[in-house]
Amino acid sequence: MITIILVKTDSSAQATTDLLEGALAAGNTAADAPQLDPDTPVLRLRNVSKTFPGTHALKGIDLDIAPGEVRALVGQNGSGKSTLIKVLAGYHAPDPGSESWFNGEEFHLGSRDGLGSSHLRFVHQDLGLVLEMNAVENLALTAGFATGLGGRVDWGEQRRRAEETIARLGVDLDVRKPLAEATPVERTVVAIAAALTGWESGRGLLVLDEPTAVLPHTEVGRLLDIVRGVQRMGASVLYVSHRLDEIFAIADKVTVLRDGRVTATRDAAELNTQSLAELMVGDQVDAAFRLGRPVVAADASPVLSVRNLSGVQVKDLGLSVARGEILGIAGFAGSGADEAAYLLAGARPAGEIQGEIRRGDGSWEPAGAALTRQRLPLVPADRAGEAVVADFSVADNLTVRVLDRFRTLLGLSARRENAFVEEWIKRLEIKVSAPDASIMSLSGGNQQKVIMGRCLASDPSLVILAEPTAGVDVGTRQAIYELIGQLADDGLAVIVTSTDTTDLLALCSRVVVLNGGHVVAELAGEQITDQALLAAMEAGDR
Ligand SMILES: Nc1ncnc2c1ncn2[C@@H]1O[C@H](COP(=O)(O)OP(=O)(O)OP(=O)(O)O)[C@@H](O)[C@H]1O
């Protein structure tokens with residue numbers, strides 16, 4: 001477990017990048033804002049609304065966030081959370097009549113007017129980083145470049161500043177490594193460091209929009225430690241997440257959005273996972289939902305078997321999945337569990353996939369050639385980077401794998417295609433103004449549902465789901481679990497890889513656990529508990 005380290009260093013050259021230390025001093029004394037009544041909210045919103053063509057995304061939002069408070073903002077997919085944050089960030093102009101104050105000063109939403117260099121800072125879902133660049137360069141893009149003689153960039157100084165900034169967030173990171181090679185939590189840390197750059201007062205608001213959506217479950221604790229460190233600076237935090245356990249670990253208060261309206265604001269201590277899920281979705285939701293499918297008999301005929309399957313991390317994996325079985329592959333980041341999904345789906349070059357596979361009762365074949373030819377449907381963990389076709393509509397994203405089905409002698413049948421799209425929008429309750437709307441106009445969770453639909457709609461005999469409910473709200477999660485259960489009842493075989501034990505507990509009747517690329521445990525039926533999964537995942541490398 002990493003804790004926040006506040007390093008007191010030589011004060012000479014680093015005043016400009018002295019993030020936490022400077023902020024702490026100001027936060028302790030409120031020196032920069034002695035005139036402010038401590039009860040004045042950091043952020044006050046009144047009657048904030050936002051209308052898009054065909055969608056009234058925010059309807060009269062009122063919100064007060066106190067100094068030093070961590071406020072969670074929760075709600076179903078499409079309830080308006082990201083829109084509110086984008087209005088705050090100046091990305092969207094709100095409807096007329098919306099009012100806002102920051103530290104008691106009125107400012108215009110939809111622009112940075114009136115905010116000057118004040119401390120309303122954001123880490124958006126996409127993190128806003130340039131992955132080809134390293135942490136030094138990314139931080140310099142926000143903070144400006146240190147220059148030396150002749151106005152040249154002083155890279156030594158730049159690097160020292162970056163190392164210090166990152167170290168203060170309690171993370172040991174090679175700041176020269178391109179962020180494309182960094183882990184998801186390392187990238188999030190760089191994004192938070194960039195957002196806090198130049199923060200010189202304890203009062204302010206850091207907005208984190210689903211910072212853990214793509215983080216392995218096991219790294220969430222590290223991120224929450226960092227958020228607590230930011231709170232200790234005296235900063236307030238607005239924290240958006242679908243992971244309810246995190247809300248209880250970090251938030252003082254919770255605000256619930258439903259269909260663009262604030263429907264509740266409560267102290268987190270008054271709530272539990274079930275009551276919060278009910279505030280978000282209604283009382284039909286079960287936050288501890290499990291399919292509870294029977295364990296498939298060991299001699300059931302397999303849909304797919306692999307032996308000695310190896311990639312970069314995965315070593316000599318052997319497993320088989322039967323018709324109607326939902327098999328989990330669990331493991332921490334780097335255990336091989338995430339890579340296993342991509343190997344099995346043939347989503348790696350054939351030369352990088354070693355071992356053998358067998359379909360049904362057929363003969364064993366070299367895995368690389370067979371899996372890359374077969375290309376089993378995969379819902380990848382990184383929806384935005386690997387699945388969504390940003391230039392396509394919702395309908396086109398849904399049908400891209402199955403266009404052949406609508407072909408007639410006269411070309412594509414629009415009628416059949418439309419009926420198919422309507423059916424899947426209904427089945428997955430995808431919130432969209434019209435099927436031909438751009439997929440980018442959908443909320444993140446609704447995009448995830450489209451990708452899920454694309455995979456399931458091709459009537460496969462086996463699908464591979466990597467982190468299938470990342471960014472998906474608690475009610476939709478249950479709907480997705482139930483749909484997968486129904487398809488498994490009809491014979492679909494499913495392989496789920498997830499660092500989130502919630503998915504594995506809800507879906508799987510058997511789970512293999514990887515560590516160091518090897519299978520270290522196999523759990524079935526009643527043996528699959530949160531504790532047993534985590535214990536097996538933590539077991540030492542072989
Ligand atoms: N640029 C846009 N154009 C049209 N509609 C939009 C646009 N951005 C958002 N919307 C719509 O506004 C509504 C609210 O979306 P928003 O992204 O704020 O939801 P959210 O609560 O953040 O959801 P999620 O939890 O899935 O991220 C949705 O119906 C969405 O489709």
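Is α2 largely enclosed by the rest of the structure or not, and how many of its residues are buried? Some notes from going through this model, which is a predicted one.

1. To take the opening question straight away: α2 is largely enclosed by the rest of the structure, because 7 of its 8 residues are buried. The buried set is made up of K81, S82, T83, L84, I85, V87 and L88. Have a look at what follows the helix as well: G90, just after α2, has a positive phi of about 85°.

2. The ligand site brings α2 up again. There are 19 residues around the ligand, and N77, S82, T83, S443 and G445 come nearest. S82 and T83 also appear among the buried residues of α2. As for which elements build the shell, at least two residues each come from β2 (55–65), α2 (81–88) and α14 (444–456). In terms of class, I'd point out the 13 polar residues in that shell, alongside 3 nonpolar and 3 charged ones.

3. On the domains: the protein splits into domain 1, covering 24–131 + 201–281, and domain 2, covering 302–377 + 460–538. Taken over C-alpha atoms, their centres are 36 Å apart. The two do touch, with 14 residues of domain 1 in contact with 12 residues of domain 2. On the domain 1 side, helix α8 (residues 273–281) gives the largest share, 3 residues. That side of domain 1 consists of 7 nonpolar, 5 polar and 2 charged residues.

4. Next, a helix pair. The axes of α3 (residues 135–143) and α4 (residues 155–168) come within 9 Å of each other and cross at roughly 90°. An angle from 65 to 115 degrees counts as roughly perpendicular, so α3 is roughly perpendicular to α4. From α3, the contact uses A135, V136, L139 and A140, while α4 brings Q158, R159, A162, T165 and I166. Sorted by class, the residues of this contact are 6 nonpolar, 2 polar and 1 charged. The spacing of those residues is worth a glance with the helix repeat in mind: an α-helix has 3.6 residues a turn, so residues three or four places apart point the same way.

5. Two backbone angles I'd check by eye. Most residues other than glycine have a negative phi. N308, however, is not a glycine and has a positive phi near 55°. N308 sits within strand β11 (residues 302–310). The other case is D316, also not a glycine, with a positive phi of about 50°. D316 is found in the loop that runs between β11 and β12 (317–322).

6. How enclosed are those two positions, given that 20 or more other C-beta atoms within 10 Å would make a residue buried, and 12 or fewer exposed? N308 has 13 other C-beta atoms within 10 Å, so it counts as partly exposed. D316 is partly exposed too, because its count within 10 Å is 14 other C-beta atoms.

7. Last, T40, which lies in the loop between α1 (19–29) and β1 (43–52). With 17 other C-beta atoms within 10 Å, T40 is partly exposed. Leaving out residues up to four places away in sequence, T40 touches N103 and G104. For a sense of distance across the model, the C-alpha atoms of T40 and R375 are separated by 57 Å, and these two residues are 335 residues apart along the chain.

Key: Residues numbered from 1 in each chain as written. Predicted model: local features only at pLDDT ≥ 70, side-chain atom pairs only at ≥ 80, totals over all residues. Near = placed C-beta within 6 Å. Helix = DSSP H or I, 4+ residues; strand = E, 2+ residues; numbered from the N terminus. Nonpolar A, V, L, I, M, F, W, Y, C, P; charged D, E, K, R; others polar. Domains from an automatic or database assignment. Contact = placed C-beta atoms within 7 Å. Axes fitted to C-alpha atoms, helices over the stretch in contact; angles between N-to-C directions. Parallel < 35°, antiparallel > 145°, perpendicular 65-115°, else oblique.
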